[in-house]
Amino acid sequence: MLDELYQELLMEHFRNPRHRGSIDPADARYSMVNPLCGDTVEVSLSRDGAHATIQKIAFSGHGCSISQASASMMTSLVSGKTIEEAKAMVAKFRELLSGARTPESAPELGDALALEGVRKFSARLRCALLAWEALERCLNSLSASAPNSSSGDPGAS
Ligand code: ZN
């Protein structure tokens, strides 16, 4: 199915997931289910409000190797990134899986490039995207709540 090297990377993340757990208290939390495969992924994160960055991020859930490895790869990639950088990575990952973007044009996706081969198996696309869509919901909810609301200056939003 996948290129051998990529397959190894995927299994490595599946067996030794990064950032598995739950952030509590979290600034954003979102759970997603993939009914096609039975995968579940919950993403929780805390924000460094002063720098609009993802301070801590974790995922929990269960399911196939693609869904869980993808969550491990995603959390590793976006930890410490700004909200805007993380949103851009979600967009690029989606483009990668739709074939609209080549792996060479998105080096910042790092290990997640290993999932590029999934695009040839449309039944597995939901598995690969699940954690990223949960992240996107979290980021959108952060954007909706003004990031600098605690720094004084009630006139600005
Ligand atoms: Zn799956």
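**A zinc site and a covered helix**

At 35% relative accessibility, Cys-37 counts as partly exposed, because its value lies between the 20% limit for buried and the 50% limit for exposed residues. In this predicted model, Cys-37 is one of the residues that coordinate a zinc ion, together with Asp-39, Cys-64 and Cys-127. The chain that holds this site has four helices and three strands, and the points below take up the zinc ion, then helix 2, and then the chain as a whole.

**The zinc site**

- The zinc ion is held through the SG atoms of Cys-37, Cys-64 and Cys-127 and through an OD atom of Asp-39, with distances of 2.1 to 2.4 Å.
- The four donor atoms make angles of 97 to 119 degrees, and the site is tetrahedral; for comparison, the ideal angle for four tetrahedral donors is 109.5 degrees.
- Along the chain, the donors of the zinc ion are spaced as C-x1-D-x24-C-x62-C.
- Because Cys-37 belongs to the loop between strand 1 (28–34) and strand 2, while Cys-127 belongs to helix 4, this pair ties together parts of the chain that are 90 residues apart in sequence.
- Cys-127 has 0% relative accessibility and therefore counts as buried, whereas Cys-37, at 35%, counts as partly exposed.

**Helix 2**

- Helix 2 runs over residues 65–78, and since its 14 residues should span 20 Å at 1.5 Å a residue, the 20 Å between its end C-alpha atoms agrees with that expectation.
- Helix 2 is mostly covered, with 12 of its 14 residues buried; among them are Ile-66, Ala-69, Met-73, Met-74, Leu-77 and Val-78, as well as Ser-67, Gln-68 and Thr-75.
- The cover over these buried residues includes helix 1 (4–15), helix 3 (83–98) and helix 4 (125–144), and it also includes strand 2 (39–48) and strand 3 (53–62).
- Just after helix 2, Gly-80 adopts a positive phi of about 85 degrees.

**The chain as a whole**

- Read along the sequence, the helices and strands follow the pattern α-β-β-β-α-α-α.
- A compact globule of 157 residues would have a radius of gyration near 15 Å, so the 16 Å of this chain agrees with that rule.
- The C-alpha trace spans about 55 × 30 × 25 Å along its principal axes.
- Of the 157 residues in the chain, 39% count as buried, and the chain exposes about 7800 Å², of which carbon and sulfur atoms supply 52%.
- Among the contacts with a separation of 6 or more, 60% are between residues 24 or more positions apart.

Technical notes
Residues numbered from 1 in each chain as written. Predicted model: local features only at pLDDT ≥ 70, side-chain atom pairs only at ≥ 80, totals over all residues. Heavy atoms only, no water. Helix = DSSP H or I, 4+ residues; strand = E, 2+ residues; numbered from the N terminus. Expected span 1.5 Å × (residues − 1). Buried < 20%, exposed > 50% of the residue type's maximum accessible area, 1.4 Å probe, protein only. Contact = heavy atoms within 4.5 Å. Donors = N, O, S within 2.8 Å, 3.2 Å for Na, K, Ca; no water. Tetrahedral: all angles 85-135°; square planar, octahedral: opposite > 155°, others 65-115°. Rg over C-alpha atoms; globule rule 2.2 N^0.38 Å. Areas by Shrake-Rupley, 256 points an atom, 1.4 Å probe, with all protein chains shown as cover.
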